[in-house]
Amino acid sequence: MRLRLSVPIALLLASTALPAAAEPPETTSTRIALRDAPLTRDATREVHADRAFDLVGLAWRGPAPERIEVRTRTGSGWTPWTALEPIDSAPERGTQQGSEPLWTGRSDSAQVRASRGDVDVTGDLELVAIDPGTAPAAAPRSSAPGQPPVVGRAEWGADESQMTWPPERTETKAVTVHHTAGTNDYACRESAALVRAIYRYHAVELKWGDIGYHALVDKCGTIFEGRAGGLRDDIVGGHARGFNQGTFGVSMMGNYDGVVPSRDTVESVAAISAWKLGTAEVAADGRTELIAGPANNSHFPAGAAVPLPTIFGHRDVSKTACPGQRGYEQLDQIRARATALQRDDRP
């Protein structure tokens, strides 16, 4: 099944950037132990980073906090508090635990509140602050027959020395739709930097060895290549623990709990899903059966045979809000559009 996919105009016009540089932009991260910061009366700890950052996450050992909130100081003052979920998408390899990442824009300080059973646990956390550098991405392009235009790893500035997770083969049976959560407050010209920051957070700080998603789609509809080898081959990712085997993870960049994904975002998620499923001769409107692996936050015990649509949401298999309520409500549209794209390709 070869696909000739139409794509939103945003994909064709999304980048006015320079060609990819020979060397990836420098991406750095800093860890700050919150236990070293004073605890205020309202159970808040404030830390200042020596280097400005654009993305933060919280990391810990042991049980996850039940509540995590963070805000940062930008040039215009303190941002509103943002709640972050513990991330449960890790590969089945045993990794550092952490929260969802939060794109902050240029910031220099952060305040954190976290509790478990109404008891403050901020002293158990480390703030991870990431500076992804400022280099833009090159234009998206198709690198395989029928593939919608994608900004490749080299084009968005992946530092391949950070990729330490050797590709593991799988069989693509379904697409899992996610959102990166955090915030929608980013400019599309910053999308490559956001992808670089998530890559650094997943690969280095959470010790996964690579970015977990196979593809990421920004709010303008630009598609970015994620997990190394995951487009050209069927490679295990780290996006839905217990269901990483047999699935291709696509994440909408932003928080789609209260915000509806843009038309271009929905179109691009459908396009990359239709194409990837098509390479495996899987119908976008079909159903499949996946075997649940071990996972602390799964709806299903390990070994359970789970019937699922071939395009499903992360929350269908895990105890999470992902891909957000408004994002989840778009799954029928994504399936319908992906099915139409596959149908258009039939002889």
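These legends accompany an overview and several close-up views of a predicted model of one protein chain.

**Figure 1. The whole chain, with its six helices and 16 strands.** Let us start with the overall picture before moving in. The C-alpha trace spans about 65 × 50 × 35 Å along its principal axes. The radius of gyration is 19 Å, which agrees with the value near 20 Å that a compact globule of 347 residues would have. Of these 347 residues, 58% count as buried. Contacts link distant parts of the sequence: among those between residues at least 6 apart, 76% join residues at least 24 apart. The chain exposes about 14400 Å², and carbon and sulfur atoms supply 48% of that area. If you are thinking about electrostatics, there are 37 positive and 43 negative side chains, and the centres of the two sets lie 1 Å apart.

**Figure 2. Phe53 in strand β2 and the residues around it.** Strand β2 covers residues 45–60. Phe53 has a relative accessibility of 1%, so it counts as buried, the cut-off being under 20%. Which residues touch Phe53 once those up to four places away in sequence are set aside? They are Thr72, the run Thr104, Gly105, Arg106, Ser107, Asp108 and Ser109, and then Ala129, Ile130 and Asp131. Leu125 gives a useful distance to check in your viewer: 72 residues separate Phe53 and Leu125 in sequence, and their C-alpha atoms are 18 Å apart in space.

**Figure 3. Helix α3, with Arg200 along its length.** Helix α3 takes in residues 191–205. At 1.5 Å a residue, its 15 residues should span 21 Å, and the end C-alpha atoms are 20 Å apart, which agrees. The helix is mostly covered, with 14 of its 15 residues buried. Arg200 counts as buried because its relative accessibility is 16%. Beyond four places in sequence, Arg200 is in contact with Thr27, Thr28, Ser29, Ile130, Gln162 and Glu205. Ile130 also appears in the previous view, where it touches Phe53. The C-alpha atoms of Arg200 and Ile211 are separated by 7.6 Å, with the two residues eleven apart along the chain.

**Figure 4. Backbone details on either side of α3, at Ala181 and Lys207.** Most residues other than glycine have a negative phi. Ala181 has a positive phi, near 65°. Ala181 sits in the loop between β10 and α3, and its relative accessible area of 5% means that it is buried. After α3 comes Lys207, again a residue that is not a glycine, with a positive phi of about 65°. Lys207 belongs to the loop between α3 and β11, the strand of residues 215–217.

**Figure 5. Helix α4 and the residue Glu281 that follows it.** Is α4 largely enclosed or largely open? Because 14 of its 17 residues are buried, α4 is largely enclosed by the rest of the structure. Those 17 residues should span 24 Å at 1.5 Å a residue, and the end C-alpha atoms are 24 Å apart, which agrees. Glu281, which follows the helix, has a positive phi near 55°.

**Figure 6. Thr310 in the loop between β15 and β16.** The two strands cover residues 305–309 and 311–313. The relative accessibility of Thr310 is 2%, so this residue counts as buried. Where do its contacts come from, apart from neighbours within four places in sequence? One group is Lys173, Ala174 and Val175. Leu277 is another partner, as are Val282, Ala283, Ala284, Asp285, Gly286, Arg287 and Thr288.

**Figure 7. Helix α6 and the elements that cover it.** Helix α6, residues 331–345, reaches 21 Å from its first C-alpha to its last, close to the 21 Å expected for 15 residues. Its buried residues are Leu331, Ile334, Arg335, Ala338, Thr339, Ala340, Leu341, Gln342 and Asp345. What covers these residues? The cover includes β10 (174–179), α4 (263–279), β15, β16 and α5 (325–328).

**Figure 8. The cis peptide bond between Cys322 and Pro323.** Most peptide bonds are trans. The bond joining Cys322 and Pro323 is cis, with omega about 10°. Pro323 lies in the loop between β16 and α5, and both of these elements are part of the cover over the buried residues of α6.

Terms used. Residues are numbered from 1 along each chain as its sequence is written. This is a predicted model: local features need pLDDT of at least 70, side-chain atom pairs count only at pLDDT 80 or more; totals for chains, interfaces and linings use all residues. Side-chain values use heavy atoms; hydrogens and water are left out. Helices (H or I, at least four residues) and strands (E, at least two) are DSSP runs, numbered from the N terminus. The radius of gyration is taken over C-alpha atoms; the globule rule is 2.2 Å times the number of residues to the power 0.38. Buried means under 20% relative accessible area, exposed over 50%, partly exposed in between (1.4 Å probe, protein chains only). Contact means heavy atoms within 4.5 Å. Accessible areas come from the Shrake-Rupley method with a 1.4 Å probe; for residues, only the protein chains shown count as cover. Lys and Arg count as positive and Asp and Glu as negative; His and the chain ends are not counted. The place of a charge is taken as NZ of Lys, CZ of Arg, CG of Asp or CD of Glu. The expected span of a helix is 1.5 Å times one less than its number of residues.
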